[in-house]
Amino acid sequence: MGLPPVPRLRQSEVVGVVRISRTVPLQYPHPGPRTRPLPSDLHETAGLPGNWALDFMAPGGTPVYAPQDGLTVTRLSGHDPAEGVIEGDIFGWNVYLRSDAGVTYFLTHMGDRRLSTGLPLPLGMKVGRRNVIGHVGHWPDDPGRSHTHMGVTHPMGRKPAVARIEAVARAPFPRP
Ligand SMILES: [Zn+2]
C-alpha cells in the first residue's frame, strides 16, 4: 500500500509560514516606566532620511537595551555629551544596530556606550535583549528632556519602519 499523497503548500502558504517564523520579539529600550513616547511623537531622524523615530523619555544614566535579538553593532558615531549641544549636530553618542534581515536601528543622545560590565560597546558585537549597550545622556541644562531617540530604517520602506518602532514602544521592558 502506498502512502497518501503529501499535500503541496501553495506559495502563499509558504510565504505565510516564513512571515510567522520571522516575527521577532521586541523590547522597550529602558527598564521603564513607559512615560512616552506617544504616537504623535513620530519623526524622521535629522540627517537620516527614511529612519522613523520615537523619543523614549528617561532620566540621564538610565540603561539602554538592544530592542531585539540578533543585532550587530555596525557603526558608532556622534560626539561626547560633555561637549554639550553642538549647533547642527545631534546631541550625544550614536549607535547603529543592524539585523540579519537588513533592519537598521539608530539610537542617539547617549551619554556613554558602555556594557553592563563597564567595558565599551565594541563595533561588530552581536547584541540582543539581554545587552545594555549604553546609558541615556544627561540633557544639558534641561534634565527633563533626557531621552533615547531611536529610529528604524526598513528595507521595505516607511510603513514597516514605522510599524517596527511603534511596536518597540509597546514592547515589554527588559529584565535586568
Ligand atoms: Zn528624536
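**Exercise 1. Find how strand 4 is paired with strand 5 and with strand 7 in this predicted model.**

Solution. Begin with strand 4 and strand 5, which run antiparallel and are joined by 7 bridges. One position to look for along this pairing is Gly 78, which stands opposite Trp 93 of strand 5. Then turn to strand 7, residues 126-127, which pairs with strand 4 over 2 bridges, again in the antiparallel sense. Here Leu 71 is the residue to find, standing opposite Val 127 of strand 7.

**Exercise 2. Trace the pairings of strand 6, and decide whether this strand is largely enclosed or not.**

Solution. Step one is the pairing with strand 5, which is antiparallel and extends over 5 bridges; within it, Val 95 has Leu 107 of strand 6 as its bridge partner. These two strands form a hairpin with 4 residues between them, and in the turn Gly 102 has a positive phi of about 90 degrees.

Step two is strand 9, which runs antiparallel to strand 6 and is joined to it by 5 bridges, with Thr 104 standing opposite Thr 153 of strand 9. Step three is strand 8, which pairs with strand 6 in the antiparallel sense over 2 bridges, and in which Val 136 is the bridge partner of Met 110.

The last step is burial: because 8 of the 9 residues of strand 6 are buried, the strand is largely enclosed by the rest of the structure.

**Exercise 3. Work out which side of helix 2 is buried, and what covers the buried residues.**

Solution. Check the helix itself before its sides: its 13 residues, at 1.5 Å a residue, should span 18 Å, and this agrees with the 19 Å between its end C-alpha atoms. The buried residues of helix 2 are Ala 161, Arg 164, Ile 165, Val 168 and Ala 169. They lie on the same side of helix 2, because they cover an arc of only 140 degrees around its axis. On the other side of the helix, Lys 159 and Arg 170 are exposed. The cover over the buried residues of helix 2 includes strand 2 and strand 9.

**Exercise 4. Explain why Ile 165 counts as buried, and list the residues that it touches beyond four places in sequence.**

Solution. Ile 165, which is placed in helix 2, has 24 C-beta neighbours inside 10 Å, and it therefore counts as buried, the cut-off being 20 or more. Setting aside residues up to four places away in sequence, Ile 165 touches Trp 52, Ala 53, Leu 54, Met 150, Gly 151 and Val 152. As for distance, Thr 153 is 12 residues from Ile 165 in sequence, and their C-alpha atoms are 9.4 Å apart in space.

**Exercise 5. Place these elements in the whole chain and in its largest nonpolar core.**

Solution. The protein chain has 2 helices and 9 strands, which follow the pattern α-β-β-β-β-β-β-β-β-β-α along the sequence. Of its 176 residues, 34% are buried. The largest nonpolar core has 29 residues, of which Val 95, Leu 97, Tyr 105, Leu 107, Ile 133, Met 150 and Ile 165 touch the most other members. Among the elements that each supply at least two residues of this core are strand 5 (93-99), strand 6 (104-112), strand 9 (147-153) and helix 2 (158-170). Finally, among contacts in the chain with a separation of 6 or more, 67% are between residues 24 or more positions apart.

Key. Residues numbered from 1 in each chain as written. Predicted model: local features only at pLDDT ≥ 70, side-chain atom pairs only at ≥ 80, totals over all residues. Core = buried A, V, L, I, M, F, W, Y, C linked by C-beta atoms within 7 Å. Buried ≥ 20, exposed ≤ 12 C-beta atoms within 10 Å, placed from the backbone. Contact = placed C-beta atoms within 7 Å. Pairing = 2+ DSSP bridges. Expected span 1.5 Å × (residues − 1). Arc of directions from axis to C-beta.
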